[in-house]
Amino acid sequence: MTYVDELCAIVGDPHVLTDADVRATYETDWLRQWHGETPCVVRPSSPEEVAAVLRVAAAAGVAIVPQGGNTGLVGGSVPRNGAILLSLQRFTALGPVDPMSMQVTAGAGVTIEALQQHARASGLDFAVDWGARASATVGGAVSTNAGGSRVVRFGAMRPQVMGLQAVLADGSIIDQLAGLPKETAGLHLPSLLVGSEGTLAVVTAARLRLVPWYRHTAAALIACDSLTDAVLLLPELRRLPSLDAVELMMPEALAVACEFLGVRPPINAHEAGAFVMVDCAAHSDPSEELVDLLADLRGVLAIGPKREALYKVRDHITIAIGALGAPLKLDVAVPVENLDRLVRLVYKVIPTGARAILFGHLAEGNVHVNILGADASQDEVRERVLQATIELGGTISAEHGIGVAKVDWLKRQKGPAAYAAMRAIKKALDPKNLLNPGVLFATAPRRRRAARG
Ligand code: 2HG
Ligand code: ZN
């Protein structure tokens with residue numbers, strides 16, 4: 001019996017996909033930047049099945065790459081070196097919303113959009129939100145500590161995770177879905193697994209914090225003379241009681257998305273040094289707050305369909321850039337007072353003829369650096385931007401993860417002691433390096449065993 005036969009015996013033949021055409025969608029990420037090959041895609045539907053799959057993989061000496069909605073940007077869920085692709089797509093169970101604790105249990109394969117809709121049906125909301133909500137899943141969001149646009153109000157994924165169910169490399173199941181708001185009983189394993197990118201365990205479900213659903217919203221697009229002016233707006237913005245998001249769009253980013261959608265920019269993109277998109281949400285109309293703010297600023301109020309149109313532009317920047325070519329993508333963050341220095345450096349280090357399209361989440365000093373046409377200078381640009389980010393006290397990944405894209409810089413950012421501790425944890429939980437090898441930590445490619453025969 002081959003290991004593929006054994007996998008079929010665990011999950012059933014229809015859930016072990018070996019056909020090349022069927023495998024193809026799992027082998028390439030959504031932006032077609034990362035490609036790999038897998039002998040098979042296996043789709044279990046319970047933690048017990050995941051455990052059995054991991055045991056078979058361990059016995060066969062074949063690695064596992066877990067995958068959710070495949071919306072990652074750093075190659076962390078694309079199979080490499082003959083690893084089995086473990087899809088969490090079938091973990092779509094959503095438990096009842098508990099209004100008492102304001103929590104819900106969601107399977108790893110539940111999309112962020114489905115989770116939001118489920119919470120809203122009970123008058124609550126899920127706090128973490130970003131453009132890929134329709135495909136991105138709970139498991140992926142947990143594994144990358146995803147952020148998005150509302151971090152300024154509610155934090156990123158980690159503070160939403162009250163508990164997790166996960167399967168360790170040896171097939172043992174951790175079931176910590178009680179969601180106790182207070183607990184000081186030893187190490188909090190769910191916190192350790194958030195952001196571990198499938199290298200320590202396979203997350204199968206999460207107990208998640210919910211927040212109030214603020215039905216009344218109003219946004220504004222503010223044109224600032226410079227990025228420095230945009231940053232200096234932050235203290236004033238933070239005083240808005242209903243502040244929900246503070247997004248940064250450099251003029252190129254706004255222009256590219258508007259061109260892609262065939263719409264006119266709400267403000268002429270070339271008349272500003274930086275744009276700030278402010279969103280407010282409350283139990284009653286928050287537009288007064290923004291009207292007062294806009295009295296001293298150059299900007300437009302966007303409510304109702306206009307706000308939706310503005311968000312549509314914001315949410316399409318990534319796709320619009322992708323339509324122009326394959327960019328060098330860096331998701332960096334620095335203390336916000338250093339953001340202008342970092343952005344200046346980006347513009348300085350790109351080669352003549354390259355296009356830098358920058359946008360991100362202003363309040364966290366998080367800028368998505370997208371460079372088109374860096375060509376032969378790509379490695380040098382990456383090196384200089386990441387090194388500068390570290391020197392400015394920042395992080396080489398704010399919300400997309402390390403994946404395979406940034407393994408070479410992790411040690412530099414974390415320092416030898418923290419990096420060694422991380423490696424020790426990996427070794428203790430996954431001594432055979434079966435779970436997502438090559439992600440977070442560089443590894444030599446493992447020897448591949450034939451899938452059949
Ligand atoms: C966003 O904020 C995402 O829209 C994607 O994090 C960022 O494409 C990017 O670089
Ligand atoms: Zn982002």
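## Close-up views of a predicted model

**View 1. L440 and the residues around it.** Setting aside residues up to four places away in sequence, L440 touches S196, E197, T199, I402, G403, V407 and L410. Please keep in mind throughout that this is a predicted model. L440 sits in the segment after α17 (416-429). Is L440 buried or exposed? With a relative accessible area of 7%, L440 is buried, because the cut-off for buried is under 20%. For a sense of distance, the C-alpha atoms of L440 and T395 are separated by 14 Å, while the two residues are 45 apart along the chain.

**View 2. Helix α16 against helix α17.** One of the residues touched by L440, namely L410, also belongs to the contact between these two helices. The axes of α16 (residues 407-414) and α17 come within 6 Å and cross at roughly 125 degrees, which makes α16 oblique to α17. On the α16 side, look for L410, K411 and K414; they meet A418, Y419 and M422 in α17. Sorted by class, this contact of α16 with α17 has four nonpolar and two charged residues, and no polar ones.

**View 3. The zinc ion (ligand 2) and its protein donors.** Which residues supply the protein donors of the zinc ion (ligand 2)? They are H361 and H368, each through NE2, and E399 through OE, lying 1.8 to 2.2 Å from the ion. Along the sequence, the spacing of these donor residues reads H-x6-H-x30-E. Both histidines, H361 and H368, are buried. H361 falls within strand β16 (355-361), and H368 within β17 (366-372).

**View 4. The open sheet of seven strands.** Here the strand order is β14-β11-β13-β12-β16-β17-β15, and the pairing is antiparallel. Strands β14 (298-302) and β15 (328-333) stand at the edges with a single partner strand each, so one side of each has no neighbour in the sheet. From one strand to the next, the twist averages 15 degrees. At the β14 edge, the partner is β11 (residues 216-224), and the two strands pair in the antiparallel sense over five bridges. To find your way along this pair, start at A223, which stands opposite R298 in β14.

**View 5. Helices α10 and α13, with the strands they lie across.** Helix α10 (residues 251-261) and helix α13 (residues 317-324) have axes that come within 8 Å and cross at roughly 80 degrees, making α10 roughly perpendicular to α13. A253, V256, A257 and F260 of α10 meet I317, I319, A320, I321, A323 and L324 of α13. What classes of residue make up the contact of α10 with α13? There are ten nonpolar residues, no polar and no charged. α10 lies across β11, β12 (243-249), β13 (274-282) and β16, running at about 95 degrees to β16. α13 lies across β12, β15, β16 and β17, and runs at about 165 degrees to β16.

**View 6. Two asparagines with positive phi.** N145 has a phi near 50 degrees, a positive value in a residue other than glycine. You will find N145 in the loop between α5 (138-144) and α6 (151-154), where it counts as buried at 17% relative accessibility. N436 is not a glycine either, yet its phi is positive, at about 45 degrees. This residue, N436, lies in the segment after α17 and is buried, with a relative accessible area of 2%.

Conventions: Residues numbered from 1 in each chain as written. Chains lettered and ligands numbered in written order. Predicted model: local features only at pLDDT ≥ 70, side-chain atom pairs only at ≥ 80, totals over all residues. Heavy atoms only, no water. Donors = N, O, S within 2.8 Å, 3.2 Å for Na, K, Ca; no water. Buried < 20%, exposed > 50% of the residue type's maximum accessible area, 1.4 Å probe, protein only. Axes fitted to C-alpha atoms, helices over the stretch in contact; angles between N-to-C directions. Helix = DSSP H or I, 4+ residues; strand = E, 2+ residues; numbered from the N terminus. Parallel < 35°, antiparallel > 145°, perpendicular 65-115°, else oblique. Contact = heavy atoms within 4.5 Å. Nonpolar A, V, L, I, M, F, W, Y, C, P; charged D, E, K, R; others polar. Pairing = 2+ DSSP bridges.
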